[in-house]
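Reader: I would like to go through this model carefully, element by element, with the reasoning behind each value set out. Could we begin with the pairing of strands and work outwards from there?

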Amino acid sequence: MCDAVAAGVLPRGIECVFTATDEIEGVDSADDWRAALEAAGRLSPQIVQAIVDAHGDRGVTAIEAVSERRVKRYRDFDVVVGYDDEYVVEDRGCTCKDSQYNLDPDEGERCWHVLAVDVAEALGELDHHDMWYSDVREFL
């Protein structure tokens, strides 16, 4: 069980792929979680809580996607496997409807797909594919 589940920040049943190291205290819920995550190289309860405080359910879903290894890096795009489709993430923008219609990127709002790429990248948990997604997508 990972620290975040043990601390009650994430629900039981989520399989975490992160290892425990020293805790990072006082992580702010703003974009500081990104720097803290890169520095720690793992998800601590404080970092998870900061992500959830800043992004709510989108943050929880992003962490779940990373723990389930659903974040892929191709030569041309990052792709997050969602519930109904795969979503292309490029330059912190996403092809999902949530991003297109509900969120204001100027206010720092991001969909869970973009957050998942941020978390996976900081943790080195991207599933690398040495191919072009634009070629793969034709077969899906």
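Reader: In this structure, which residue in S3 does aspartate 78 stand opposite?

Author: The model is a predicted one, and the pairing described here is computed from its atoms. Strands S2 and S3 run antiparallel and are joined by four bridges, while a hairpin of four residues leads from S2 to S3. Within this pairing, the residue of S3 that stands opposite aspartate 78 is valine 89.

Reader: Which residues are the bridge partners of lysine 72 in S2 and in S5?

Author: Strand S1 is joined to S2 by three bridges, the two strands running antiparallel, and a hairpin of four residues connects S1 to S2. S1 is also joined to S5, here by two bridges and in parallel. Lysine 72 has a bridge partner in each of these strands: in S2 the partner is valine 79, and in S5 the partner is aspartate 127.

Reader: What is the order of the strands in the open sheet, and which strands are at its edges?

Author: The sheet is open, has five strands and shows mixed pairing, with the order S4-S3-S2-S1-S5. An edge strand is one that pairs on one side only, and that description applies to S4 and to strand S5, residues 127–128. The order is therefore S4-S3-S2-S1-S5, and the edge strands are S4 and S5.

Reader: Which strands does H6 lie across, and at about what angle does H6 run to S2?

Author: Helix H6 spans residues 112–123. This helix lies across S1, S2, S3 and S4, where S2 covers residues 78–81, and the angle of H6 to S2 is about 115°.

Reader: Which element gives the largest share of the largest nonpolar core, and how many residues does that share hold?

Author: The largest nonpolar core has 30 residues, of which Leu43 and Val71 touch the most other members. Two or more residues of this core come from each of H2, H3, H4, S3 and H6. Another core, of five residues, lies apart from it and includes Val79, Val88, Tyr133 and Val136. In the largest core, the largest share comes from H6, with eight residues.

Reader: How are H3 and H4 oriented to each other, and which residues of H4 make the contact?

Author: The axes of H3, residues 45–55, and H4, residues 57–67, come within 6 Å and cross at roughly 135°. That angle is neither over 145 degrees nor within 65 to 115 degrees, so the two helices are oblique to each other. From H3 the contact is made by Val48, Ile51, Val52 and His55, and from H4 by Asp57, Arg58, Gly59, Val60 and Ile63.

Reader: How many nonpolar, polar and charged residues does the contact of H3 with H4 have, and which residues in H3 are buried?

Author: Sorted by class, the contact of H3 with H4 has five nonpolar, two polar and two charged residues. After H3 comes glycine 56, with a positive phi near 60°. The buried residues in H3 are Pro45, Ile47, Val48, Ala50, Ile51 and His55.

Reader: Is arginine 34 buried or exposed, and which residues is it in contact with beyond its neighbours within four places in sequence?

Author: Arginine 34 is found in helix H2, and its relative accessible area is 16%. The cut-off for a buried residue is under 20%, so arginine 34 is buried. Leaving aside neighbours within four places in sequence, the residues in contact with arginine 34 are His55, Arg92, Leu115 and Asp118.

Reader: What are the phi values of arginine 69 and arginine 92, and what is the relative accessibility of arginine 92?

Author: Arginine 69, in the loop between H4 and S1, is not a glycine and yet has a positive phi of about 55°; it is partly exposed, with a relative accessible area of 47%. Arginine 92 lies in the loop between S3 and S4, and its phi is likewise positive, at about 60°, although arginine 92 is not a glycine. Arginine 92 also counts as partly exposed, its relative accessibility being 34%.

Definitions and conventions. Residues numbered from 1 in each chain as written. Predicted model: local features only at pLDDT ≥ 70, side-chain atom pairs only at ≥ 80, totals over all residues. Heavy atoms only, no water. Axes fitted to C-alpha atoms, helices over the stretch in contact; angles between N-to-C directions. Parallel < 35°, antiparallel > 145°, perpendicular 65-115°, else oblique. Contact = heavy atoms within 4.5 Å. Nonpolar A, V, L, I, M, F, W, Y, C, P; charged D, E, K, R; others polar. Buried < 20%, exposed > 50% of the residue type's maximum accessible area, 1.4 Å probe, protein only. Core = buried A, V, L, I, M, F, W, Y, C linked by side-chain atoms within 4.5 Å.
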